[in-house]
Amino acid sequence: MSHSMHHGVLDVDNDYIHAGYGLKSWLLTTDHKRIAILYLISITIFFFVGGFFAFLLRLELMTPQGDIVTAETYNKLFTMHGVVMIFFFLIPSIPAVLGNFLVPLMIGAKDLAFPKLNLMSWYVYNIGGIFALYALVNGGVDTGWTFYTPYSSTYSLSNVVPVVIGAFILGFSSILTAINFIATIHKMRAPGLTWFKLPLFIWSQYATSVIIVLATPVIAITLALLLFERVMGVGIFDPALGGDPILFQHLFWFYSHPAVYIMIIPSMGVVSEIVSCFSRKKIFGYKFMTFAIMAIAVFGFLVWGHHMFISGQSVYAGFVFSALSFAVAIPSAIKVFNWTATLYKGHIEFRTPILYAFGFIGLFTIGGLTGLFLASLATDVHLTDTYIVYAHFHYIMVGGAVMGYLGGIHFWWPKMTGRMYNEAWAKFSALILFVGFNLTFFPQFVLGYVGMPRRYYVYPDEFQVLNVLSTAGATILGLGYIIPMVYLLWSLRHEKSAGTNPWNATGLEWTTQSPPITHNFEQIPIVSGEPYVYHEEGKVVA
Amino acid sequence: MWSFPLLPESASTIADKVDALFYFLVAVSLFFSLIIVIGLAFSAVRYRRGSAATRKGALDDHLPLELAWSLIPLAIALFIFGWSAKLYFEMRVPPANAMEVYVVGKQWMWKIQHPEGNREINQLHIPVGTPVKLIMTSQDVIHSFYIPAFRVKADVLPGRYTTQWFEANKPGEYHLFCAEYCGTSHSGMIGKIVAMEPADYERWLTGESQLGVAMSSDGKEVFERYGCRTCHRQDTGPRGPALDGLWGRKVSLANGETIVADQEYIRESILNPGAKTVAGYSAMLMPTYRNQLTHEQVNHLIEYLRSLGSAQNSK
C-alpha cells in the first residue's frame with residue numbers, strides 16, 4: 001500500500017506535476033523534474049526539426065541528379081541536420097531530460113545542488129536555439145556541422161555567424177548542467193550511498209559531466225576564434241591571412257570527439273539499468289563497468305587526431321592517434337560483454353525497455369566494430385569522408401544514443417508521468433525502428449566502401465540502388481519515431497496509473513510515488529546495500 | 001543504371017593490400033558480432049522469465065572472464081594497428097623514382113599539370129606500372145583528392161603542399177572525387193583518372209593536341225620576368241644565394257637548423273621569404289611574392305629550379 005493513500009487527496013495533489021498550475025509555474029520552476037520536462041519538450045521539437053531535414057536529404061538522394069532542392073539548399077539541409085541533431089538534440093538528450101529528472105531521485109536527494117542554475121541552463125539552451133533557428137529562417141548555413149576553415153571563416157556566403165553564436169551559447173547550458181551534476185553527485189548522495197553503490201546511470205552522468213566541463217570551453221574558444229576571423233578578419237585559420245586551417249581541425253575535434261562520448265556514455269548508463277532490471281540480475285562486473293565508463297571518458301580526450309589521418313598531419317602523429325583509438329575500443333568491448341553476461345542465467349522479461357536495450361547492444365556493437373576500420377590508418381585513407389563514416393556514426397549516435405534515450409524514456413515514463421503506456425504499440429514501434437534503422441544505414445556501409453563521398457548532392461549512377469534502399473529505410477525509421485509520440489501522449493490521459501514501481505526495479509527512484517512529490521522523498525532514504533539486488537541466493541527478488 | 005557494385009574496383013598496387021586488411025577487419029567484426037548476437041539470443045530464449053532452465057551458478061562477477069575479454073580484444077587491436085600502421089607508412093612515403101604531377105584545387109575544379117607541360121582539367125592521365133606522386137595545393141578552401149579504385153585520398157590544403165602517391169596496375173578510367181566538403185558544387189568537383197599502358201601514355205604526352213611548354217621553361221620565363229636573377233646569381237654576394245644545384249640540397253638556415261630544399265621549402269621561400277632564411281643572408285631583403293604569382297607560376301618556378309640541377313649529396 002502506497003504512502004499517499006493514507007493521506008488521500010493532499011499527497012496526490014502534491015506530486016510535482018500538480019504542485020502548481022499555469023505557464024508561470026513551469027517557466028519559473030526550479031524543480032529538477034519540471035525542468036526535465038521543459039527540456040523534453042524543447043529537444044523533442046528540435047529532434048523532429050532535424051529529422052525533417054534528414055528526410056528531405058534522403059528524398060533528394062533517391063536519384064543521382066538534383067531534383068527536389070538545389071545544391072545550395074541541399075548543403076544547408078545537411079548542415080542544419082547535423083547542427084540540430086548534435087548540438088540541440090543528442091548532447092542534451094539524456095543528461096538534460098533523464099539525467100535532470102533522475103540524478104537527484106537515484107541518489108536520494110531533494111533536488112540538484114543548484115536549482116536556479118538548472119533553470120538557467122534551459123533558458124540558455126533556448127537562447128542558443130533561437131540563434132540557430134534565426135539563421136535557418138534567414139537562409140540557413142552551408143558549412144557542414146564541422147565548420148571547417150577557411151570555408152566557414154572566409155568563403156561561405158551563408159549565415160555562419162548566428163549559427164556559431166547559437167552553438168557557442170548552447171555550450172554554456174551543457175556546462176551549467178554538468179557542474180550541477182558533478183556537485184550533486186559529490187555532495188548530495190543519501191547517507192550510506194557510497195561511490196561503488198551508485199547505479200551505473202549515475203556513473204555515466206558523472207563521466208559525461210566531467211567531459212562536458214573539460215571539453216566544452218575548448219569548442220567555445222574555437223568558435224569565438226572563428227568569429228574573430230570571419231567578422232574582423234583576424235588571421236587565425238585562413239592561410240591567406242597567415243593562419244593555419246588544420247589548427248581549427250585540432251581544436252574542433254578536441255571537443256567534438258569527446259562530444260561523441262558525451263552522447264553515447266549516458267545511453268550506456270540507461271542500458272545498464274534496463275538490462276539488470278528486466279533480467280532480474282545484478283549487473284555483471286559492476287566495478288569493471290565503472291572503470292570502463294571512466295576509461296572511455298579519459299581516453300576520449302586523446303584520440304581527436306584520428307579525424308585527420310589524411311589532412312596533412314604527420315605520419316607519426318597518425319600512429320599515436322590510431323593506437324589510442326584502438327585502445328578506446330577496449331572499454332567499449334568490456335561493456336558489451338558485461339551486458340551480455342548479465343543476461344546469462346537471468347530471468348528475462350520482454351517488456352518494451354529491454355527491446356530498446358537489445359537494439360542498443362546490437363547496433364552499438366556494429367557501430368563500435370566499424371569504428372576499427374576508421375581507427376586503422378591504412379583503411380581510413382580509403383574510407384574517411386565517405387558514406388561509411390555516416391553509417392558508422394549513425395550506428396553509434398542513432399542505433400546507440402537514440403535507442404538508449406528511447407529505452408530510458410520507456411523505462412522511466414511511468415515514473416515521470418505516473419502512467420503506463422500501450423505496450424503493444426511500444427513494442428511494435430521498437431521493432432519498426434530497428435528494421436528502419438538498419439535498412440537506412442547498413443547500405444551506407446557498402447556505399448562508403450565502393451567510394452561514395454559524403455555530402456554529395458549529385459552522384460554517379462552506379463550508387464543509386466543503395467541510395468534508394470537507404471531512403472526506403474529512412475521512411476520506415478521516420479514512422480518509428482512518430483508512433484511513440486502518439487501513444488506516449490495518449491497515455492497521459494487514457495492509460496492506467498503506473499504505481500510506485502511498475503517494473504519491480506531496484507533503485508531509489510522507484511521507492512517514491514509516481515509521479516514523485518516536489519521534494520522527491522517523504523524522508524531522505526538511508527542506503528545500506530549494493531545496487532541491482534535482483535536476486536539473492538538463487539531467488540529472484542520481485 | 002541498375003547495375004550496382006558492392007565492391008570497388010581495384011586498380012593500384014596498394015589497393016589489394018588495403019582490401020586484405022579491410023576483409024580481415026570484416027572477419028574480426030563478424031566474429032565479435034556473432035558472439036554477441038548468439039549470446040543475446042541464447043539468453044533471450046533459454047533464460048526468458050518462467051523458463052525451466054536452471055540458473056544455478058549464476059555469476060555477477062568473474063575476474064578471469066573480465067581480463068579475457070579485455071586482453072584478447074586488446075591483442076587483436078594491437079595486431080591490426082601494427083599491420084595497418086606499416087601499410088599506412090608505405091602509402092604515405094613515396095618511392096624516390098616516382099614521377100611527379102602538380103595538382104591545384106579550386107572551387108570547383110582540379111587543375112593538373114605534368115612537368116613536361118601538359119595541362120589537364122578534371123582529368124589525370126598516368127602510365128600504369130610507374131609510381132606517381134602528386135604535389136597538391138589549393139587556391140581557396142580545403143579539398144581532398146580521392147581515387148576510390150586506388151584506395152588513396154589526401155586533403156589538398158591552401159597555403160602549403162600535401163603529397164600522395166600511387167601506382168596504377170590496370171589500365172582504365174577511374175573516378176576522381178573531391179572528398180572534403182568545399183561548398184556549393186562540391187559534388188561537381190569530380191573527374192577521371194585515365195591509367196594507360198606506358199607506350200600509350202608517351203604518345204598522349206607528346207601528342208599533337210598536347211601543346212604544353214615544359215613547366216621548367218615557363219618557370220624560367222617567370223624567373224626572368226620578375227627579376228629574380230637580379231639577386232639570385234653566382235656573383236651577387238650577400239644579396240641572395242645562387243640557386244644552381246639547390247634542388248634536394250641540405251641548406252643551413254640563419255637560425256642554425258638545416259632543411260632539405262624541396263617543393264615546400266621553395267614555395268615558402270617565395271611567398272614568405274623571412275620564414276626560413278639561409279645562413280649568411282638578410283631576412284629583410286627579399287619581398288614576398290604572395291599576391292603577385294599564381295599557384296601555377298610558383299609550381300613553374302619550382303620546376304625551373306629543379307631543372308637547374310640537383311646536388312650530388314641529396315638523398
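Among contacts in chain A between residues at least 6 apart in sequence, what percentage join residues at least 24 apart? The share is 82%, and with that figure in mind the tour of this predicted model can begin on chain A.

**Stop 1: chain A as a whole**

Select chain A and colour it by secondary structure, and you should find 17 helices and two strands. The radius of gyration of this chain is 23 Å, close to the 24 Å that the globule rule gives for 542 residues, so chain A is as compact as a globular protein of that length. If you turn the chain along its principal axes, the C-alpha trace spans about 75 × 50 × 45 Å. Of the 542 residues, 66% are buried, while the surface that chain A exposes comes to about 17800 Å², with carbon and sulfur atoms supplying 71% of it.

**Stop 2: a nonpolar patch on chain A**

Next, show the side chains of Phe48(A), Ile482(A), Met485(A), Val486(A), Leu489(A) and Leu492(A), which form a nonpolar patch on the surface and together have about 500 Å² of accessible area. Helix H17 of chain A, residues 464–494, gives the most to this patch, with five residues. Ile482(A) has its place in that helix, and Ile482(A) counts as partly exposed because its relative accessible area is 45%, a value that lies between the 20% limit for buried and the 50% limit for exposed.

**Stop 3: charged pairs in chain A and beyond**

Side chains of opposite charge can pair when their charged atoms come close. Over all chains, a search of the whole structure finds 18 salt bridges, and a few of them are worth selecting one by one. Begin with Lys33(A) and Asp31(A), whose closest N and O atoms are 3.1 Å apart in a salt bridge; both of these residues are buried. Then select Glu349(A), Arg351(A), Glu423(A) and Arg49(B), which are linked in a network of salt bridges, and let Arg49(B) lead you to the other chain.

**Stop 4: chain B as a whole**

With chain B selected, look for six helices and 12 strands. A compact globule of 315 residues would have a radius of gyration near 20 Å, whereas chain B has 27 Å, and along its principal axes the C-alpha trace of chain B spans about 100 × 50 × 40 Å. Buried residues account for 49% of the 315 in this chain. Among the contacts in chain B between residues at least 6 apart in sequence, 66% join residues at least 24 apart. The accessible surface of chain B is about 14800 Å², and 60% of that belongs to carbon and sulfur atoms.

**Stop 5: paired strands in chain B**

Select residues 143–147 and 152–156 of chain B. The former are strand E6, which pairs with E7(B) in the antiparallel sense over five bridges, and one of the pairings to display is Tyr146(B) with its bridge partner Lys153(B) in E7(B). Four residues lie between the two strands of this hairpin, where Arg151(B) takes a positive phi near 60°. Is strand E7 of chain B enclosed by the rest of the structure or open? Five of its five residues are buried, so strand E7 is largely enclosed by the rest of the structure.

Move on to strand E5 of chain B, residues 132–138, which is joined to E8(B) by five bridges and runs antiparallel to it; here Ile135(B) stands opposite Thr163(B) in E8(B). Strand E8, residues 162–166 of chain B, has four of its five residues buried, so this strand too is largely enclosed by the rest of the structure.

**Stop 6: salt bridges in chain B**

Show the side chains of Asp218(B) and Arg119(B), which meet in a salt bridge at 3.7 Å, N to O. This pair links distant parts of the chain, with Asp218(B) in helix H4 (residues 215–225) and Arg119(B) in strand E3 (residues 119–121), 99 residues apart.

Glu303(B) and Arg306(B) form another salt bridge, with the closest N and O atoms 3.0 Å apart. These two residues are separated by about one helical turn because they stand three residues apart in helix H6 of chain B. Glu303(B) counts as buried at 6% relative accessibility, whereas Arg306(B) is partly exposed at 24%.

**Stop 7: a loop proline**

Finish at Pro287(B), found in the loop between helix H5 (263–271) and helix H6 (295–307) of chain B. Pro287(B) is partly exposed, with a relative accessible area of 45%. Leaving aside residues up to four places away in sequence, Pro287(B) touches Ile270(B) and Pro273(B). Ile270(B) is 17 residues from Pro287(B) in sequence, and their C-alpha atoms are 8.5 Å apart in space.

Notes: Residues are numbered from 1 along each chain as its sequence is written. Chains are lettered from A and ligands numbered from 1 in the order in which they are written. This is a predicted model: local features need pLDDT of at least 70, side-chain atom pairs count only at pLDDT 80 or more; totals for chains, interfaces and linings use all residues. Side-chain values use heavy atoms; hydrogens and water are left out. Patches are made of residues with over 30% relative accessible area and no salt bridge: like charges are joined within 9 Å, nonpolar side chains (Val, Leu, Ile, Met, Phe, Trp, Tyr) within 5 Å. Accessible areas come from the Shrake-Rupley method with a 1.4 Å probe; for residues, only the protein chains shown count as cover. A salt bridge is a side-chain nitrogen of Lys or Arg within 4 Å of a carboxyl oxygen of Asp or Glu. Buried means under 20% relative accessible area, exposed over 50%, partly exposed in between (1.4 Å probe, protein chains only). The radius of gyration is taken over C-alpha atoms; the globule rule is 2.2 Å times the number of residues to the power 0.38. Contact means heavy atoms within 4.5 Å. Two strands pair if DSSP finds at least two bridges between them.
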